[in-house]
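Here are my notes on this one, jotted down while clicking through the model. Have a look at the structure and then read along.

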Amino acid sequence: MDKLLVANNVSKSFGEFTALNDVSIEVPKGSIFGLLGPNGAGKTTLIRIINQITMPDTGHVLLDGEPLKPHHIENIGYLPEERGLYKSMKVGEQALYLAQLKGLSKAEAKKRLKYWFERLEIGDWWNKKIQELSKGMAQKIQFIVTVLHEPKLLIFDEPFSGFDPINANLIKDEILKLRDDGATVIFSTHRMESVEEMCDHIALINKSNKILDGKLIDIKRQYKSNTFEVGLVTSNKSEVAAIIEDKFEVFPTDFKTINDELQYKIKIPVNAMANDLVTFLTTQGQVTHFAEVVPSASDIFIETVRNN
Amino acid sequence: MNHLSLIIKREYLTKVRNKSFIIMTFLSPLIMVGIFSLVAYLSQLNNDKVRTISVLDESGLFVHQFEDDNNLKFNTLTDISLEEAKKATELNGEYGLLFIPKKTSIDELAKSITFYSEDSPSLVVMGDIERTIRSKSNTLKLEEAGFNAQQISDLRVDIETKLETFAGEKTSKLGSGLKLIFGGIAGYLLFMFIIIYGNMIMRSVIEEKTSRIIEVIVSSVKPMKLLLGKILGTSLAGVTQFTAWVLLLSIFSFAITAIFGIDPSAMQAEQMQTAVEASGNEMEGLMMEAILEFQNLPILNLVIMFLLFFIGGYLLYASLYAAIGAAVDSETDTQQFMLPILLPLILAVYVGFFTVIEDPHGTVSQVFSFIPFTSPVVMLMRIPFGVPIWQQIVSVLILFATFIGTVWFAAKIYRVGILMYGKKPSYKEIIKWLKY
């Protein structure tokens, strides 16, 4: 697949402190790329380097195959984590100013703003000042300003903070739609459920080093432990339980059910087959539940960071 | 439209549309004209009052010596005792009683003259009275010693030293005063401009930090461009406000003169008149001389250098103000960094107003007119007195070289500082930022 953004061996230090150490990432075109990591890992530094706010000490970044140049800012839309708008400036005027800084003509910016204001239901606030708006509303305007110039690459740093669940969903759908329309999205967040929902690629940065990256689905495969969650209805509970606990490596689990059953997480050896487990279980009772335990992004995050 | 002009336009419009900016633009000249008019009006009121002073002259030497004028009337008492005179004066509500006793000699007399009044009399009135008595006493003493007072007065020679430079330029003490005024105004104007609009730039940088818009902006434009646009936009707003002030000041003072018939400048003219004790004729001569002196001033040199030093000095300080704004999180944190900026500025004004006046070409004046942080103010005040062109050029070059240095320094701090939140940096940390 084509790569929209490639960072090669990027390092950056501030005085004694190393913020990024030889980090390389590749962001495929049309993907939603999750940039994950604990606080202070270096995510923001990497994002600032991509936005040419900070220059890397070594290494280089390619956008669409070209080394980053000042004119590329027109192809990037950036919603920083620390964000805000001029408090005493009018909404419309401010949006126009920011859009013009991104290279749009005044007329074009006006046209697109009208469209977006209607789309996100920010009708008649053109002449209101930001300080008169609610936080969620200001965030919506900030979102519009980020995407207005239709950049190839969108970078969102914690895009959902400050939104209520309804508006967060609205923004999520907008991001997915932008991706479908051809944009590539880099997405930095601590909310693992949105990573799960939206990202197809991730990179994990910890203590200035990249420790994991790839397709989310591949990573999950890599992290799967051949563990299955099972439910077994049997008349002879304690006996069967003893047999299972003796034969397999088991963990307690608790899933919702309508039956009175034995519930286990069973881990089988890496080369063992799931079918063999099912076959064995059927000899012990009625199998009411059988599912592979897929590691969540959150599990992977915590495990990798802890082992690092 | 390119980025820089967009930024300048935004900065300019936000400044001039700001409510407090508009209010200050109109209110300041109004308040100034108001205060001057009030003072002028009050002193006029004072002048219009006629004060009556009774004179009890037992010596009989000063009869007809005291002349009435617009404000003072003298009422000569005769054949009345001191006690009666005091009572009568108080009863009539007169300003006071001048009592001149009879003494054997003038010297003794001079020590025993008494002025009785309800409370302390005005110094101006006492000055008038004492001058009259002194002049008459002098005449009397001269005559006692056998001189003809009139002859002596005729023989007195008035000295007026003519001043001329080696190059043949004629100057005068009046010219020196005029130069002082020119230099003073130029220096002080720059000082005010730096403080008012430097602070405005600083606040605008802090505002972008606290509202957290800065990262959105610097992902679109280079911090250097933003810094430059900010300084230029604010300066344009400053020039607009200054121009408005000058225009409004003239309009308001014209209006007030027309409507109320009070002339704020009359007061000063009057004071000057009493100070030089010039008759109408002399006053006219003075004006002529002033115009001549004005033409003698190196006008072209003054204007060009004013522009160069004004721009250089202002930009030098403006970039530092911007750097401070970038380094801190809120305006209350600026204190520790303000002192190093204000100190050289205040020093410059002090050196300008004290040392330059005393000796425009002395060592201290010369040294401070080369140090870039004081040179704009000090040199501007020296130039009317005639500074060799090479000195001016060297000083301007030093100033602009330093300006490039401070802008580099400010841009470094700005670039790092605008993205630093939450902590109050120390000087040590700021030095570290320079290496990032």
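1. Gln151(B) counts as exposed, because just 9 C-beta neighbours fall inside 10 Å and the cut-off for exposed is 12 or fewer. Gln151(B) sits in helix α6 of chain B, residues 149–155. From there to Leu343(B) is 59 Å, C-alpha to C-alpha, with their places 192 residues apart in the sequence. Bear in mind throughout that this is a predicted model.

2. Now a pair with another spacing. Arg17(B) and Gly238(B) are 221 residues apart in sequence, and their C-alpha atoms are 13 Å apart in space. Arg17(B) belongs to helix α1 of chain B, which runs over residues 3–17. With 12 other C-beta atoms within 10 Å, Arg17(B) is exposed, since the class takes in 12 or fewer.

3. Chain B in general: DSSP runs give 17 helices and six strands. The chain has 436 residues, and 29% of them count as buried. If you take the contacts in chain B between residues at least 6 apart in sequence, 73% join residues at least 24 apart.

4. Which residues have the most contacts inside the largest nonpolar core? They are Ile155(A) and Ala322(B), in a core of 124 residues. Helix α12 of chain B (residues 299–327) gives the most to this core, with 14 residues. Leaving aside residues up to four places away in sequence, Ala322(B) touches Ile201(B), Met202(B), Val205(B), Leu227(B), Lys230(B), Ile231(B), Ala410(B) and Tyr414(B). There is also a second, separate core of 10 residues, and Ile53(B), Phe62(B), Tyr95(B) and Ile129(B) are among them.

5. Helix α13 of chain B, residues 335–358, deserves a look. Its 24 residues reach 34 Å from first C-alpha to last, close to the 34 Å expected at 1.5 Å a residue. Even so, α13(B) has a kink of about 35°, centred on Gly352(B). Gly352(B) is also one of the buried residues of α13(B), alongside Ile341(B), Leu345(B), Ala348(B), Val349(B), Val351(B), Thr355(B) and Val356(B).

6. Over to chain A and helix α3, residues 106–119. Its 14 residues should span 20 Å at 1.5 Å a residue, and the end C-alpha atoms are 20 Å apart, so the two agree. Ala109(A), Leu113(A) and Phe117(A) are buried in α3(A). Why do the buried residues of α3(A) line one face of the helix? Seen down the axis, they fall within an arc of 65°. The general rule behind such a pattern is that an α-helix has 3.6 residues a turn, so residues three or four places apart point the same way.

7. Staying with α3(A), its buried residues pack against α2 of chain A, residues 91–101. What is exposed on the other side of α3(A)? There you find Ala107(A), Lys111(A), Lys114(A), Tyr115(A), Glu118(A) and Arg119(A). After α3(A) comes Glu121(A), with a positive phi near 55°.

8. That brings up backbone angles. Most residues other than glycine have a negative phi, so positive values are worth checking by eye. Asp64(A), not a glycine, has phi near 55°. Its place is in the loop between β4 (58–63) and β5 (66–67) of chain A. Asp64(A) counts as partly exposed because 15 C-beta neighbours lie inside 10 Å.

9. Asn226(A) also has a positive phi, about 55°, although it is not a glycine. Look for Asn226(A) in the loop between α7 (216–223) and β11 (227–233) of chain A. With 17 other C-beta atoms within 10 Å, Asn226(A) is partly exposed.

10. On the domains: chain A is divided into domain 1 (3–221) and domain 2 (225–292). How many Å separate the C-alpha centres of domain 1 of chain A and domain 2 of chain A? The centres lie 45 Å apart.

11. A last pair, in chain A. Lys135(A) is placed in helix α4, residues 135–147. Lys135(A) counts as exposed, because 11 C-beta neighbours lie inside 10 Å. Between Lys135(A) and Leu104(A) there are 26 Å in space, C-alpha to C-alpha, and the two are 31 residues apart in sequence.

Key:
Residues are numbered from 1 along each chain as its sequence is written. Chains are lettered from A and ligands numbered from 1 in the order in which they are written. This is a predicted model: local features need pLDDT of at least 70, side-chain atom pairs count only at pLDDT 80 or more; totals for chains, interfaces and linings use all residues. Domain bounds come from an automatic or database domain assignment. Helices (H or I, at least four residues) and strands (E, at least two) are DSSP runs, numbered from the N terminus. The expected span of a helix is 1.5 Å times one less than its number of residues. The bend at a residue is the angle between axes fitted to the seven residues ending there and the seven starting there. A residue is buried if 20 or more other C-beta atoms lie within 10 Å of its own, exposed if 12 or fewer, and partly exposed in between; C-beta atoms are placed from the backbone. A nonpolar core is a set of buried Ala, Val, Leu, Ile, Met, Phe, Trp, Tyr and Cys residues joined through C-beta atoms within 7 Å. Two residues are in contact if their C-beta atoms, placed from the backbone, lie within 7 Å. The arc is that of the directions from the helix axis to the C-beta atoms.
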